[in-house]
Amino acid sequence: MVTDGTIRRAAGVRLLRDDVVVHEGNLASLKRFQDDVREVQSGQECGMSIENYQDIKGWDVIVAFEGKEIARTL
């Protein structure tokens with residue numbers, strides 16, 4: 001269940017277990033009703049898999065984020 005914001009397929013994710021970061025990586029897939037989707041809005045359920053990580057438990061929290069490069073200015 002997406003509780004806040006939007007999750008996009010290109011997002012980076014952190015897997016939290018008991019408020020400790022267990023794994024950080026990228027989403028491998030994002031699905032809604034068995035269809036691949038680009039994004040899922042707040043309040044909707046979805047399925048996701050994380051690249052190079054399989055040990056997800058039912059009580060884990062997944063935090064999605066996007067990084068932006070900002071040109072340095074003086």
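Q: What does "buried" mean in terms of relative accessible area?

A: Buried means under 20% relative accessible area, exposed over 50%, and partly exposed in between. In this predicted model, Asp-60 counts as buried because its relative accessibility is 14%. Arg-17, with a relative accessible area of 18%, is buried as well.

Q: Which side chain does Asp-60 meet in a salt bridge?

A: Side chains of opposite charge can pair when their charged atoms come close. Here the side chain of Asp-60 meets that of Arg-17, at 2.8 Å from N to O. Arg-17 belongs to strand β2 and Asp-60 to the loop between β6 and β7, so this pair ties together parts 43 residues apart in sequence. Through salt bridges that share partners, Arg-17 and Asp-60 are joined with Asp-55 and Lys-57 into one network.

Q: How many salt bridges does the count come to?

A: The count comes to seven. Among them is the pair of Glu-39 and Arg-8, at 3.3 Å from N to O. Glu-39 lies in strand β5 and Arg-8 in strand β1, 31 residues apart. Glu-39 counts as partly exposed because its relative accessibility is 37%.

Q: Where is empty space left, and what is the volume of the largest pocket?

A: Rolling a probe the size of a water molecule over the atoms shows where empty space is left. The largest pocket has a volume of about 370 Å³. Of its 15 lining residues, the closest to the centre are Met-1, Val-2, Ile-7, Met-48 and Ile-62. Strand β7 gives the most to this lining, with three residues. By class, the lining has nine nonpolar, three polar and three charged residues.

Notes: Residues are numbered from 1 along each chain as its sequence is written. This is a predicted model: local features need pLDDT of at least 70, side-chain atom pairs count only at pLDDT 80 or more; totals for chains, interfaces and linings use all residues. Side-chain values use heavy atoms; hydrogens and water are left out. On a 1 Å grid over the protein atoms alone, a cavity is a set of points where a 1.4 Å probe fits but cannot get out, and a pocket is an open set with protein on both sides within 12 Å along at least five of seven lines; lining residues have an atom within 4 Å of a point. Grid points are joined across faces, edges and corners, and a volume is the space filled by probe spheres set on the points. Helices (H or I, at least four residues) and strands (E, at least two) are DSSP runs, numbered from the N terminus. Ala, Val, Leu, Ile, Met, Phe, Trp, Tyr, Cys and Pro count as nonpolar, Asp, Glu, Lys and Arg as charged, and the others, Gly among them, as polar. A salt bridge is a side-chain nitrogen of Lys or Arg within 4 Å of a carboxyl oxygen of Asp or Glu. Buried means under 20% relative accessible area, exposed over 50%, partly exposed in between (1.4 Å probe, protein chains only).
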